[in-house]
Each structure stands twice: as C-alpha cells, then as structure tokens.
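Reader: Could you take a close look at the aromatic pairs in this one for me? A bit of background on the whole chain would help too.

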Amino acid sequence: MLHRADIQRLARVSPGTFAVLATDPDHTILAASADYLRTTHTDESIVGRPLFEVFPDNPSVDDPAGSRLLRASLARVIATGQPDRMPLVRHDVPRPASEGGGFEERHWSPWNIPVFAEDGRIDYILHRVEESTGQSSRSAVEILESITEGFFTLDRQWRFGYVNAEAHRILGVAPGALAERVIWEAYPGLEHTPFWRSYHQTMASRTKSSFTAHYAEQARWYEVTVFPAPEGIAVYFRNVTEHKLLETQREALADLSELLGNAREPGQAGYVGAVVLGTTLHASRVGYGTVDHDSGMLFVDRDWVRPGVESLSGVTPLLAYGTFMDTLRRGESMAIPDVREDPRTADAAAALEEKHVRSFVNVPVLEQGRLVALLFVNDDKVHAWTPDEVRFIQEAAARTRTAVERGTAEAVLRASEDRYRRLNEALSEADRMKDQFLATLAHELRNPLAPIRNALKIQALAANDPGTIARMRELMERQVVQMVRLIDDLLDLSRLSRGLVELRPERISLAPVVELALEASRPAIEQASHELSLQLPDEDLFVTADRVRLVQVVTNLLNNAAKFTPAGGQLGIRVERSGDRALLRVSDNGIGIRADMIDRIFNMFEQVDRSNAKVSGGLGIGLTLVRQLVQAQGGSVHAESAGLGTGSAFVVSLPLAPAAAEAGEPQAADGRRTDAPARRRILIADDNADAASSLAMFLEMAGHQARIATDGAQALALFDELQPDVALLDIAMPVVDGLAAARALRSRPAGRRLLLLALSGFGQDADRQRSADAGFDAHLVKPVDLARLQAIIDAHPRAG
Ligand code: ADP
C-alpha cells in the first residue's frame, strides 16, 4: 500500500491526464498528474480536498449535469467494481482570478477505473480524462450543440449519455432530465417499434442505420440516423411530422383530384372528397352537403364515417348545433378543437357529443354571397386543428366543390344531350314516316284515278251496252268511295292532330252503332266473301259518345278486318259488358300482327308492310284516327294477335253511360230504332242541279220524300209548303246563301225541330263553326257520304 505522498509523487511524474480519487463520499483528491493540474488550471493544493469542492458546477449553466453524472459514475464503480466509461459530458472548470475568474466551458469524456487493494476492496479510483478534453472534442460538442438535429448517445446499458440542446427541445424535456435514464423506461412506447429495432441493430452490428417512423405516443414522425459510438450508439433525429403531414396531404390532394376527375355524379364527388379527407386526417366523420342559406338545413347525400360512427346522411338542422351559422354565412371556416370549451358551441356541446362530435372543422362554400354548401370534418376526440390541417380541408373543399359543380353541369348537359338525341331520333323517325306517307298518299290517290279514267273511256265506247255501262258505273263508284274515304280520313286526322275535333256526345246504345257500321262495311266484307258473326248482349249497353264518330271507329275496324283477311275469312263483332265498361270487339282470322307491331300500328302512318299489294288502299292513319276518337270519348282501344297468320282482334272499351233516368235524357235520344226507317220529308237546296237531283234520287230510293230548291230564297218558300223534317242546304247558293237560309228557317217556330244539314265543299273547322253558328245540326262535306247521311237522318226523331 502506497502512502498518499508516494501516490502524489508517482502521479506528478506520470504522463497522462488523471487524478486519483478516494472512495469516500467526498471523493477526496489523493493525487493528480501534472497534465491534469494544468488542464484544470489548478495546482497541488487541490490534493486532499473534496473533488466537487474543487470543481463545483458552473452556476450560470442551465442544467449543470457534470458533477451529478460524475458522482453517479463513481458510485457505479464502487458498486460494481467495474471500470465506467462516461459519455461526453460538460463540466466547466473555474478560471483563475488572475485570468478573470468565473468558469471556463469544458467537455470531458472521463473513464473511472477501480484500483483494488490486496484484500479485494477498492482502494482508489483512477479518474482519467486526458483524451476527452482536447480541442477537437470541444469543437465537436460545440457542433453538436449548434446543429438543428437532436443528438444523444446511449451506452450499452441503454442509458442516455450526452443529449444535445435540440434533442431536449424536440422531446420537450428539461436539459439533463434524461441523463442516466434507460431509454426504454423513459419512452416505453418505443419498444418493438422501428426505433427499437434499429437501435438494437446498430448496437449489435456496429453499422449505421437510418429510418423514418411514426411515434404513436407523441403522434409524431421522426427521421432518425443511428451510428455506432465508443460508448454504445449515437442517435441523430429530426421531428418531420409537419413535413410528413404536408406530404400526406399533398398526396391526398393529388389522389382527390384524380378521384374527382373520375366521379360522374355530383353526389359521388361529395363522397369522394369526404373519403379522402376522412382517411387522411384520421377523423371520425367527413361529409360534403348542400346548405339552405336561410334555414341552415344541411343536406348530405352520403358521408364518410369511421366504423361505429353514426352517419349524418340526410337532412340536419345546423342551427340546432350552436350559434355558428353567421360565421359560415360570412364564408369563414371554423375550427373548433373542443366543443365544450368554445363559446360558439358550448351550449350545444351535449347535442354535438351525442352525434360523436367533440371537435370539428366546418368549411363553408359561398355562391354570390350566399351559403350553398358545407364541408365538415368531425372528430370524436379533442383535436387541436393545425393551420396546415385547416388549409388542407379548405383546399379539399374547394376542389370538391369544383367537381360537384362540374358534375352537376355535366349531368345537366348529358340530360339535355339525351333529350336532344331522343328528339332528333323522334324527328327523323317522324320525317321518315312522313316521306313514306306522302309516297303512299300519292300512290293511293292515283290508284283509283286510273280505273275511273278507263271506265269513262269504256262508257263512251260502249254507249249502247247498258250492262257494261252499269258495271263501269259501279266500278267508278267504288273507286270514288275509296278516294272520298281517304280524303275524309286525312281531313279528320288534320283536325285531330290539332286537337280540334268537335264531338257531340249523347247517350246512345251500341247495337245501332254496330248496325250502321256493318251497313257501311258490308260492300268490303261481301266483296271478299268473308263470313261475319255478330254477338250482341241481351241488354242494351249505353255509352255517352258521338254516334257518328263511333260508327266511324267500328267501320274502320271492320274495313281493316276485311282488308287484312284473305278472301273467305271469318270476321266477328262482339259487344259485351265488363264491369262498368262496354267492350266492342272486332275480330278476324286474317294475317295477324307481329308482337312488336301490336302497339305501333296505332301510330300515324304506321303500316306493317307497305309493299303488300293485297292490302293496299290505306294510308296508315285509320287506326290513329280510331285510337284518338276513342280516347277523346273516354275510351281505349288495343289490338290482340297471337302472331302472324293467326288473325287479330281490336277491342274498344268505353265507360257505360249512367242509367237513362239518372242522366235525365229523353229516351228518344238513344237513337235506337225498333221499326224500319221512318219516311221523312226532306228539303234539298243546291244550285248545282245534278248534285241536288242525285241526292234527291238517293233519298227517294231510301224511302223518303224529297223536294229540290235551287237557291236559298226558293228553299224558304218551299219550306212552308213542304213542312219538312230535314233540310239539306248547300252553303254556297245564289240569292240567299245556305247560312242565311238556315238562320231564317231556325227563326220560324216550325224550323226549330228541323234537322238542318249543311252541304259544303269546305270542311275546315272555321267552316263547320260558321255552320253551327247559323243553326245547322251537322256539316257534310261534299261529296256527301250517303251512308253517313242516311245514318244521321235515321237517328233524328221525326218532327211529327
Ligand atoms: P291502313 O289500313 O291504312 O294501312 P291503319 O292505321 O288502319 O292503316 O292500319 C295500320 C296497319 O295496321 C295496317 O297497315 C296493317 O298493317 C295493320 N292492321 C290493321 N288492322 C289489321 C288487322 N285486322 N289485321 C292485321 N293487321 C292489321
């Protein structure tokens, strides 16, 4: 065992920078090398004095950890008997008074080594510092203190050694607070994270590693580089949370733009915006909806919600959730970190929290100063929204809004394009049909002319052959009837298409309607040698309809049946009651109708097969007339056919008229005849002698008595003499025209119940109106349809 004086003598001559310390609590300095004395600005007077009295902490340093760390290291040496290498540590030394006093900044990397006595106890501790207080270390420490990265060292026991000022700042701890602490204890959340793995790896492999990782407990991102160091590892790190979030937000906005570009519907764009924001911000609910500026009602198509959070899709009254409407109406965004604390929401905090809203951001969308939409981000936790987050939400709201607007505009455009396309198709279809129709019309009108011209020639040649002349006359008559029918149909259609058909509904029985129609169609049916079966109900079925028009409907259907059925076919008419409707069914076993045409044949100019020579003689407007006439009388009509070759049926359905008593109409008006047509006295006035006499002849043949006047004045004179039931007056007559004559007749007592019929070459509505105004019951266009004339006369009650 060396005496203290010996130790000091030894130390004085030994190279190196060291002191020998006692193990007592004061760590009395037993000896010091010449280098040690020089470098600490001391002399041998320090020998025998307590170490920490000689080297107290610099009181002007914030956290003078130097003496504390040194004390701990010495304690460890005593406790473990192991040498203890300390991390780089600042421990300033007093400056001699001659040099101005105070302290001089110094950094040390001490190594404390136990020196054992023979009995195994620790005799002294060798405290070596020479290698660590050189100029290079000092500047290294200066560098470490000045860098903008956090820096710390960990020893092999994972204890913090040197921790620079920036590290303290980043981690938010007081300088020195981490000294000596084991990192896993100070930050338990690090275990088994990338931090943990990387520190272990470098500690074991002595190779550098670097990574960027999220530290959940602080909700931060760190960028870290780990180096092997003599005492363990050295760690450089930077808080890159902001940068990282901005990057995520930038990426999110890029994603958003792309997704919005693909969103077709306006509602979809709102949802896309919500999804991107929700997932990026880790919020609990995000939605984009329209707002009613005045009522503060929010309409959301579809919002994004974290699983377990209730959706706000639908209508939400914003006013019920705080007094923030005015802020939104001004176009100001709102970021509420905690609804309980904010005065704007404090009153509604309970209601908000019930909807899982503890914090939120609302970004309003204004249009011409009015609030039109709102993007809301809700969180069910307190959330201190950063300006970056709010800016991000605003940017997302702006992009979503643009997409929604574009979506709406596109939807409108698509709709109008659709409409335009449909209209265009309809127009070209109508145009095509019209062209076809004109071709057909020309054909159909020319068709009868050829035989008529031929017949005229033949008549001239065969003047002496009564048989040929009669046949030719019949031929011409048939052709004229055909032409007249075509032209009548055309005129009717032109009025129908303008919605100007005058109907004269009355309470009528269906049986006579069928009879009259059969009468009119008989020539066509007989010519084709069809058989016809007629089924009428036992009861009279009454409907309220225009008799003449209804006869026209049934005649049309019967003519079609005859026309579209090969010769010798079976036609049928059945009238029956079905609930409160009367059904009138015209059937045939003819060519039938393809399923795809069943409805189309009712369209104007529609014909299944124009080229079919057998069925020529139509313009494709008959069924259009039928349907329009039936519908105008409150009924409906449809076609039935099992397909080509299976025949067809056309069913007219009309509402039954109320019982006669209820209707309060005279029974006579039903027009049903039980006896043969009555003989009527008929006055005919026409300045065209041929027309007048042929008409008179026809009426005489039908069993009536007819007299002719050649102008209006004569007609009036004849009236008094004849006291007719019916007067047929040509409108365009000399002296007194038909209209004036009619007015005069109506003004006489005997003229009131007269059936007054106008004859005219003109059939426009204005012409018909003038006739009606003058007192005519009906307006007949020349050439007069004799069957129709007869039907009208028969239906009129006798004057008496
Ligand atoms: P048109 O008889 O002048 O051709 P319509 O409007 O009366 O015009 O009929 C339209 C089309 O409906 C006819 O061309 C025909 O193809 C079809 N059609 C009408 N009635 C029948 C029927 N009884 N059997 C088969 N096809 C019919």
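Author: Here's the chain as a whole, followed by the aromatic rings.

Bear in mind that this is a predicted model, where local features need pLDDT of at least 70 and side-chain atom pairs count only at pLDDT 80 or more, while totals for chains, interfaces and linings use all residues. Residues are numbered from 1 along each chain as its sequence is written, and side-chain values use heavy atoms, with hydrogens and water left out.

The chain has 23 helices and 33 strands (DSSP runs numbered from the N terminus: H or I of at least four residues for helices, E of at least two for strands). Its radius of gyration is 57 Å, well over the 28 Å that the globule rule gives for 800 residues, so the chain is more spread out than a compact globule. That radius is taken over C-alpha atoms, and the rule is 2.2 Å times the number of residues to the power 0.38. Along the principal axes, the C-alpha atoms fill a box of roughly 180 × 50 × 50 Å. Of the 800 residues, 46% count as buried, meaning under 20% relative accessible area (over 50% is exposed, in between is partly exposed; 1.4 Å probe, protein chains only).

Now the rings. The structure holds 16 aromatic pairs. Rings of Phe, Tyr and Trp (its six-membered ring) pair if their centres lie within 6.5 Å; planes under 30 degrees apart are stacked, over 60 edge-to-face, and the rest tilted.

Take Tyr36 and Phe55: their ring centres sit 6.1 Å apart with the planes at 90°, so this pair is edge-to-face. It links distant parts of the chain, with Tyr36 in helix α2 (residues 34–39) and Phe55, 19 residues apart from it, in the loop between α3 (51–54) and α4 (66–80). Both Tyr36 and Phe55 are buried.

Phe151 and Tyr162 make a tilted pair instead, at 5.9 Å centre to centre and 50° between the planes. This one also links distant parts of the chain: Phe151 belongs to strand β10 (residues 150–155) and Tyr162 to strand β11 (residues 160–163), eleven residues apart. Phe151 has a relative accessible area of 5%, so it counts as buried. Tyr162, at 7%, is buried as well.

There's also an aromatic cluster to look up in your viewer: Phe152, Trp158, Phe160, Trp184, Phe195, Trp196, Tyr199, Phe211, Tyr215, Tyr222 and Phe237 form one together.
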